[in-house]
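Work through the exercises below with the sequence and the structure at hand. Each task is followed by a worked solution.

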Amino acid sequence: MAWTPGDDVIAVQRAPEPGGAGGAYRAFGETLRGLKTTFARMLERPVVYQYPEQKLPVYPRFRGRHKLHRFSDTGLEKCVGCSLCAAACPADCIRVVAAENTPEHRVSAGERYAAVYEINLSRCIFCGYCEVACPFDAITMGHDYEMSDYNRQDLIFTKEMLLAEPLERTPLRTEDE
Amino acid sequence: MPRPEERFVTFSIDGREVSAPAGVMLADGAKYGDIEIPVFCYEPKLGAPVGACRMCLVEVEGIPKLQTACSTPVKDGMVVHTQTQRVREAQNSVVEFLLVNHPLDCPVCDKGGECPLQDITFGWGRGISRMVEPKRHFRKPVELSPLIAIDRERCILCYRCVRFSQEVSEDYQLILNERGASSFVGTFDGHPYVAPFSGNIVELCPVGALTSRAYRFRARPWDIEGSGSVCTHCPAQCNVEFTVRDERVLRVLARDNHGVDDGWLCDKGRFAYQAIHSDERITEPLVRNPDSGELEPATWEYALDVAASAIEQAGSSVAAIAGGTTTNEEGFLLQRLVRAVGSADLDSRAGLPPVPAETQRALAAPALQATIPDIEFAHTVLLLGTDPIDDVASLDLRIRKGVRRNGVKLAVATSRPSALDANSRLWLRYAPGAEHAFVAALAAAVGGADGVEALCEKADADPKAVAALAQLLQDGGEDVVIVWGQRIGAAPLPSLLNLAAALRLGERAGAGLIEVPVGGNARGLREVGVQSNAGPGLKDAKAGKSAHEIAQQAADGKLTTLYLLHADPVRDYADRRLWERALQGAEAVVAHATLLSDALRATATVVFPAESYAEKEGTIVNLDGRVQRLRPAIGRPGSVRAEWQVLADVAKRAGHDPQVLTGPIVTQQVVAAVPFYGGLTLEEIGGKGVRWQERDAASAAPEAPAGPFEAGEPLAAPRPNGALRLGTYRSIWAAPEVEVSPALKFLTAKQQAEISPVDADRIGVDNGGRVTVSAGDVSVLASVFVRGNVPAGTVFLAEATAEQSATELLGGEPGLVEVRPA
């Protein structure tokens, strides 16, 4: 028996066929809209920062050279040497060797502290995973991006270097910048 | 009890048809269907499950309540669900309950990253905690012993450590104190938990409550690499895994091998790795400067030349002694060199008398060998002249397991009271030095020969006890395993073989003899021919001198060059003074050593730095004939070279090039030279080793002479007449590697005289008092240990202690010693 579609038919809504002014706009309109930006920029002056005399301000969440922190009240290191940053590091640039705190020699607030904490900045990709992994907020990414040096050896930052207050070399973007 | 037969049952778990051996618990059975059931307290090695943690709850159809998978054996047709809502609820709740008091210490906890509690919380936990109440607090961390730190806040009260102490090592020290929420693990009165196997609880603990003090905060799991190898500290040769970070061994873990160690390690095996990184280790060749007379660092070229020329010049008056930790390859190269220059003066028997090649072949017959697992399933086990805790530690746990779980009837026949006396059906004592008479008496009693009384009289053993022992061996079941110590000497061995023949040990697979040799690879060294009366494969060879004869020759100035491969005869072998004279008398002494002993410092001509066992490559043979492979875990420190290479270089320079370029080439040469290793490759040995008796090539084992053997006439033990008989033993803690390991230093064996209460009264001393024990003009200072079941008329002293070693007194014939208050 022949089958009649009847109610099973679904009508498909289609856009109007291109043609006329509408067709021309659809072909060139968007291109012209892009070109508007291009031509507008032609009138502007070039943006060049006179680095290093003039430094590019960074955003507050910019991920620069790492900093290690101390508790402000007790002066103890926040880092307990748990090595989670080293585990999270995709570039394998962090090395931690932990040791035990003793009552005579207390370095951190926990049972253990980092006796050795080194970041090889020539390997670091500044992904910020170490900061995310840290359970004690002991390591954060700072704003310093000027780390070039003459010797690769000097790019291995030790705990003392990371704990020291970094030189304020990088301007921070102000609210409206 | 004979081995249980393995029968498989089929059950359904999460809709899968799984077949698993009958009798296993669901938690294990589920693994056959690739289903994981989380557990904390369950550990099959610890024996019967306790169901303490409730983590393994599963739903079994037909049983209204959830069941613990760790204590429910699989049954045919069982239908199990592990993924239902009810089970998940229960698992979530158990994890939440365990975490109620568990502190959030993960960043500072040594277990973090390899912690079952972390893993299970992640996999089966609720994800959040509803608990805001304060957690319970303890003082932390506390020293449970100098080796172990305990953090009671982290403890989840799974009982694993307590069960280990109570049911596996049976030292009965760890208990749970208090009740309910106040429970905590500890010893009854808070004394330190010091026991030979205490380190195992660190590995057992499923949380970070018990941690190793030696490994404390050294590394996290992602900083380290594991490297499997074998421990060479004793002939048990337990399989271990080294934890390596930055080319340093930081920890030793057990590597489960049922045929060897059953997954346990002694504390020496677990902590003596520290000797590898000792500051005292020799890391460059030392040569004696002829002008100043001092040992001075030298280049390899010079040191090799000096050693080679010393051997070349000495020719047939070279003698060599290999210590127990030497690998088969090194021993093989050494005996080749010594035999090539025309000498046969080789020994690896730790100064014990040589055994005729005939007897050795009879003892090595594959049919007469029991395996280590046989101990667990035998009807009767006889310990003859050895105390496993000192000679081959992990065997002690194996015997305890057999007795406790399988009802093995244990008999102990030793001169010194044994740690296993309490577990035995029957123990008896004979006079030290009267092993021959005793074994002859026992063989006669079993064989129904007469003269038992007279022999017992000579051995000073109780004839009734000997008769009872013979009765037990004969009627206790067919599977009899005799574990005998090499220290009983050579004379009793024919009687031992006759005893084995009378008990028909050679005819049953589960019965036989196991020798406990002295030294880590003593068995392998003998099989590759490092002995004076047999070459590689126990074949006949030109007879040479044994260690004692070598010493006498050297002391008389008749021997020119003495080669000491990891052997320290002055410390370890009987008659210390003779050996001191021997080393001075020899024209040249060439030694391989990791630590410079006083004797070497005074007399050695060349000292080559030896590799530690974590750096070595080669094969070794454990006490039941399992050929195992040592693999390098770390690089060699300083300018240390592979020792097969050093031996090959020395041989080459002495004009006997062994034609070896790599370690495996030496292994090939060993395999080619020893018929019963035939065709063995390093791949075949693999990670678990292979018993040569179980391979086809075992048929190439030398023909064992047929018995009965001529037992000879045993000497009578001396009668104590105010003076006491001297017995000696070598403590597990009397070793240089213990002394230089900071963690183990507190256990270092000190000389103590074990005497019976009767003798203590007579001499007028008490526990801890000082006495001098003297034989002739030689005397040793010791502190007194009054031990209840030491037979009256006997004093026991430790050998190989750093100072006041009993080997001083072991010069002449076994005799009596005077014990006087110091």
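**Exercise 1.** Leaving aside its neighbours within four places in sequence, which residues is B:Leu442 in contact with?

Solution. The model is a predicted one. Set aside the residues within four places of B:Leu442 in sequence; the contacts are then B:Val466, B:Leu469, B:Ala470 and B:Leu499. A contact here requires C-beta atoms within 7 Å.

**Exercise 2.** Find out how far helix H13 of chain B is covered, and by what.

Solution. Start with the count: 12 of the 13 residues of H13(B) are buried. Next, name some of them: B:Glu435, B:His436, B:Phe438 and B:Leu442 are among the buried residues. Then look at the surroundings: the cover over these buried residues includes strand E19 (409–414) and the helices H14 (452–459), H15 (463–475) and H16 (493–502), all of chain B.

**Exercise 3.** Check the length of H13(B) against the expected span.

Solution. The helix runs over residues 435–447, which is 13 residues. The rise is 1.5 Å a residue, and the rule uses one less than the number of residues, so the span should be 18 Å. The end C-alpha atoms are 18 Å apart, which agrees. After the helix comes B:Gly448, with a positive phi near 75 degrees.

**Exercise 4.** Which residues touch the most other members of the largest nonpolar core?

Solution. This core has 268 residues, and those that touch the most other members are B:Ala441, B:Leu442, B:Ala459 and B:Val483. H13(B) gives the most to this core, with 10 residues. Another core, of 26 residues, lies apart from it; A:Val96, A:Ala98, A:Ile119 and B:Phe217 are among its members.

**Exercise 5.** How many residues of chain A are in contact with chain B, and what classes do they belong to?

Solution. Count the two sides: 13 residues of chain A are in contact with 8 residues of chain B. On the chain A side, helix H2 (84–88) and strand E2 (94–100) each supply at least two residues. Sorted by class, that side holds 8 nonpolar, 2 polar and 3 charged residues.

**Exercise 6.** Compare the radius of gyration of chain B with that of a compact globule.

Solution. For 822 residues, the globule rule gives a value near 28 Å. Chain B has 28 Å, which agrees. Along the principal axes, its C-alpha atoms fill a box of roughly 85 × 65 × 60 Å. Chain B contains 26 helices and 34 strands, and 57% of its residues are buried.

Definitions and conventions: Residues numbered from 1 in each chain as written. Chains lettered and ligands numbered in written order. Predicted model: local features only at pLDDT ≥ 70, side-chain atom pairs only at ≥ 80, totals over all residues. Helix = DSSP H or I, 4+ residues; strand = E, 2+ residues; numbered from the N terminus. Nonpolar A, V, L, I, M, F, W, Y, C, P; charged D, E, K, R; others polar. Buried ≥ 20, exposed ≤ 12 C-beta atoms within 10 Å, placed from the backbone. Core = buried A, V, L, I, M, F, W, Y, C linked by C-beta atoms within 7 Å. Rg over C-alpha atoms; globule rule 2.2 N^0.38 Å.
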